[in-house]
Every structure is written in C-alpha cells, then in structure tokens.
Amino acid sequence: MSLLTATIGAVLLTAGTASAQTDNPLNGVTPDLGVFGDTFEDTWTRIAGGIWGAFLAASALNVIVSLYKIRRARAGGYQSELSESMDSAKTAVVAFGCVAGAGIIVGAILFVVNG
C-alpha cells in the first residue's frame with residue numbers, strides 16, 4: 001500500500017500542466033428565438049403560457065383536494081389517514097409554489113449559469 005501511495009505521489013509531483021487547451025466554440029453565443037420570426041416567437045410564448053396555466057390550475061386543484069382530505073380525516077377521527085393527508089397536502093403546496101414560481105426559478109438558474 002505504501003509503495004502504491006509513493007508511486008502515485010511521484011507521478012503527481014512530476015506531472016506537468018496540461019498544455020492542450022481548446023477554445024470554447026460557444027463563447028459569446030446566447031439563445032435567441034427571434035431568428036425564427038415574430039410569428040414563431042408569439043406562438044411558442046402562447047403555448048408555453050397555456051401549458052403553464054394548465055399545470056397551475058391542476059396544482060391548485062390538487063391543493064384543494066388535499067385540504068379537503070385533511071378536513072375529512074379530522075372529522076372522522078382517522079389518525080392514520082390524517083397523517084397521510086398532511087403529507088399529501090405539504091407536497092401539494094410545495095408543488096404549487098414551484099409551478100407558480102417557475103418563471104423566477106428558471107430566471108435564477110439562467111442568471112447563475114450566465115454568470
């Protein structure tokens with residue numbers, strides 16, 4: 001084991017820096033959908049907004065159903081069902097928050113990636 005450690009150490013100490021560096025071919029390139037024309041940009045914006053709205057409505061409905069399950073479990077005195085309903089409601093609220101804040105989340109990711 002000590003021979004292996006010594007060999008690895010000697011290789012690392014004697015190794016030089018890598019001299020083969022390549023330029024980034026995407027340096028300065030930014031995404032732009034305007035190249036496809038205004039019609040395409042308007043269409044994909046409407047479609048993305050419609051999909052986002054549908055997900056938001058489904059997520060809100062899921063929150064309402066989860067809250068109703070909590071109410072029903074409390075009224076019936078079902079402790080095991082109440083625990084499951086609470087977990088379901090927490091997940092539904094987090095999902096709703098993520099869907100509602102999708103624009104901010106994606107914007108933050110793009111801001112961090114672009115530097």
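Is Ser59 buried or exposed? At 8% relative accessibility, Ser59 counts as buried. The views below start from the whole chain of this predicted model and then move in on single residues.

**Figure 1. The whole chain is built from helices, with four helices and zero strands.** Read along the sequence, the pattern is α-α-α-α. The chain has 115 residues, and 9% of them count as buried. About 9600 Å² of the chain is exposed. Carbon and sulfur atoms supply 67% of that area. Now take the contacts in the chain with a separation of 6 or more: residues 24 or more positions apart account for 47% of them.

**Figure 2. Helix H2 runs from residue 38 to residue 76.** How far apart are the end C-alpha atoms of H2? They are 57 Å apart. The helix has 39 residues, and at 1.5 Å a residue it should span 57 Å, so the two values agree. After H2 comes Gly77. The phi of Gly77 is positive, near 75°.

**Figure 3. The buried residues of H2 pack against helix H3.** Which residues of H2 are buried? They are Ser59, Val63, Ser66, Ile70 and Ala73. Their partner, helix H3, covers residues 79–100. The next two views pick out two of the serines.

**Figure 4. Ser59 sits in helix H2.** Ser59 is buried because its relative accessibility is 8%, and the cut-off for buried is under 20%. What does Ser59 touch, not counting residues up to four places away in sequence? Its contacts are Ala92, Ala95 and Phe96.

**Figure 5. Ser66 is another buried serine of H2.** Ser66 lies in helix H2. The relative accessibility of Ser66 is 2%, so Ser66 counts as buried. Leave aside its neighbours within four places in sequence, and Ser66 is in contact with Ser85, Ser88, Ala89 and Ala92. Ala92 also appears among the contacts of Ser59. Look at the side chain of Ser66 as well: one of its polar atoms lies 2.9 Å from the backbone oxygen of Asn62.

**Figure 6. Arg72 and Glu81 meet in a salt bridge.** Side chains of opposite charge can pair when their charged atoms come close. How many salt bridges does the structure hold? It holds one. The side chains of Arg72 and Glu81 form this bridge, at 3.5 Å from N to O. Arg72 has 41% relative accessibility, so Arg72 counts as partly exposed. Glu81 has 28%, and Glu81 too counts as partly exposed.

**Figure 7. Phe36 and Phe40 form an aromatic pair.** The structure holds one such pair. A pair of aromatic rings is described by the distance of the centres and the angle of the planes. For Phe36 and Phe40, the centres are 5.2 Å apart and the planes stand at 65°. The pair is edge-to-face because 65° is over the cut-off of 60 degrees. Is Phe36 buried or exposed? At 57% relative accessibility, Phe36 counts as exposed. Phe40 has 39% relative accessibility, so Phe40 counts as partly exposed.

Technical notes: Residues numbered from 1 in each chain as written. Predicted model: local features only at pLDDT ≥ 70, side-chain atom pairs only at ≥ 80, totals over all residues. Heavy atoms only, no water. Phe/Tyr/Trp six-rings, centres within 6.5 Å; stacked < 30°, edge-to-face > 60°. Buried < 20%, exposed > 50% of the residue type's maximum accessible area, 1.4 Å probe, protein only. Expected span 1.5 Å × (residues − 1). Contact = heavy atoms within 4.5 Å. Salt bridge = Lys/Arg side-chain N within 4 Å of Asp/Glu carboxyl O. Areas by Shrake-Rupley, 256 points an atom, 1.4 Å probe, with all protein chains shown as cover. Polar contact = N/O pair within 3.5 Å; in protein donor to acceptor, adjacent residues only side chain to side chain.
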